[in-house]
Amino acid sequence: MSSHPVHHRTTTVRGHRIAYREAGPADAPVLLLLHGFPSSSHMFRDLLPLLADRYHLVAPDHLGFGRSAAPAAADFPYSFDRLAEITEEFTEQLGLKEYALYIQDYGAPIGLRLALAHPERVTAIITQNGNAYEEGLGAEAWAPVLALIAERTPETEAPVRALSSPDGIQWQYLTGVPDPTLVSPDAYEHDAALMARPGQPEIQLDLISDYGSNFALYPAFQEYFRTSRVPLLAVWGGHDEIFVPDGALAFRRDLPDAEIHLLPTGHFALETHAAQIAALASDFLGRRATADDRQSDHPHD
């Protein structure tokens, strides 16, 4: 177990408070952890202490989530482009010149936008149910979202609103988990309380309505994989019905050396497999560091 504490900090980006968790030595390799819907950096609470002995860990709450500011949808144009811009400025404020990415759910299109903008900054990618392929979209789970993307009406909004309800959030956490008693109710109750704040329905509907912009970027993400050959580890809840296992396996099409592990759990794999994911991530990143050291020692080999 790491002896490094986890700090809970805030900074200001474009006039908005951004909350983040930070742990590990300041001079260690950086791992930037980007959470998904409907969570926050809270989803990394078990993982951070397991990696803080050897990595500088930074996990922000996206604008509108967690302890970060949540300006009303009428006052801020919530989109994945905007969230990525804020995240990029956040990393620059903290002086993160180079980092590995840990992406889950919404964190994937946000993090991969950073990689498209600055591929030289991204040393490796760990994806935990963070999708970049059409094959990864679970048909039943995505049907109401696709209907909303196609046409936003009160009728198409209603089933998507339910995703932010206590029952909808609990479904995301427990579906596909063989033993649901292993998932702490603190996790989904924490998210449900934050999603119940005034203004959240409009914020989340704007973001989910914008998800089509991520589909439009899938070809660019895949071209980035092919041209960069970025080292990639997929640690995927194999029973996820939102981003299904075919989404993990698809990475090998563009990154033949991608390391893929399908774990017997659901969408929020860290809730049940934090120790296993920490071990896989540490091994993966450790081998990358060793390979980079060898390359720097023998640049002309």
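A cavity is a set of grid points where a 1.4 Å probe fits but cannot get out. In this predicted model, two cavities of 30 Å³ or more are found. The second largest cavity has a volume of about 30 Å³, while the largest cavity comes to about 60 Å³.

It is convenient to begin with the second largest cavity. Its walls are formed by Trp171, Gln172, Thr175, Asp240, Glu241, Ile242 and His267. Sorted by class, this lining contains two nonpolar, three polar and two charged residues. The largest cavity is lined by Ile18, Pro60, Asp61, His62, Leu63, Leu83, Ile86, Thr87 and Phe90. Here the lining consists of six nonpolar, two polar and one charged residues. Helix 2 makes the greatest contribution to the lining of the largest cavity, supplying four residues.

Helix 2 also takes part in a helix pair. Two packed helices are described by the angle between their axes and the distance between the axes. Helix 2 (residues 80-93) packs with helix 3 (residues 107-117) at an angle of about 65°, and their axes are 9 Å apart. The crossing of these two helices is right-handed. On the helix 2 side, the contact involves Phe80, Asp81, Leu83, Ala84, Thr87 and Glu88, and on the helix 3 side Pro109, Ile110, Arg113, Leu114 and Ala117. Seven nonpolar, one polar and three charged residues make up this contact. Leu83 and Thr87 are worth following by eye: they belong to the contact with helix 3, and they also appear in the lining of the largest cavity.

A second helix pair is formed by helix 4 and helix 5 (residues 154-161), which pack at an angle of about 145° with their axes 9 Å apart. The crossing of helix 4 and helix 5 is left-handed. Pro144, Val145, Ala147 and Leu148 of helix 4 meet Thr156, Glu157, Pro159 and Val160 of helix 5 in this contact. By class, the contact of helix 4 with helix 5 has six nonpolar residues, one polar residue and one charged residue.

Helix 4 is also a part of the wall of the second largest pocket, which has a volume of about 340 Å³. This pocket is lined by 18 residues, and those nearest its centre are Ala141, Val145, Leu163, Trp171 and Ile242. Helix 4 and helix 6 (166-174) are the elements that give two or more residues to the lining of the second largest pocket. Helix 4 gives the most, with five residues. The lining of the second largest pocket is made up of 13 nonpolar, two polar and three charged residues. Some residues recur from the sections above. Val145 takes part in the contact of helix 4 with helix 5 and lies among the residues nearest the centre of the second largest pocket. Trp171 and Ile242, also listed nearest that centre, line the second largest cavity as well.

Aromatic side chains complete the picture. The structure holds 21 aromatic pairs, one of them formed by Trp142 and Phe243. The ring centres of Trp142 and Phe243 are 5.5 Å apart and their planes lie at 45°, so this pair counts as tilted. Trp142 is located in helix 4 (residues 139-150), whereas Phe243 is in the loop between strand 7 (232-237) and helix 10 (245-249), so the pair ties together parts that are 101 residues apart in sequence.

Note on methods. Residues numbered from 1 in each chain as written. Predicted model: local features only at pLDDT ≥ 70, side-chain atom pairs only at ≥ 80, totals over all residues. Heavy atoms only, no water. Axes fitted to C-alpha atoms, helices over the stretch in contact; angles between N-to-C directions. Left-handed = near helix turned anticlockwise from the far one by under 90°. Contact = heavy atoms within 4.5 Å. Nonpolar A, V, L, I, M, F, W, Y, C, P; charged D, E, K, R; others polar. 1 Å grid on protein atoms, 1.4 Å probe; cavity = no way out; pocket = protein on both sides within 12 Å on 5 of 7 lines; lining within 4 Å. Points joined across faces, edges and corners; volume = space filled by probe spheres on them. Phe/Tyr/Trp six-rings, centres within 6.5 Å; stacked < 30°, edge-to-face > 60°.
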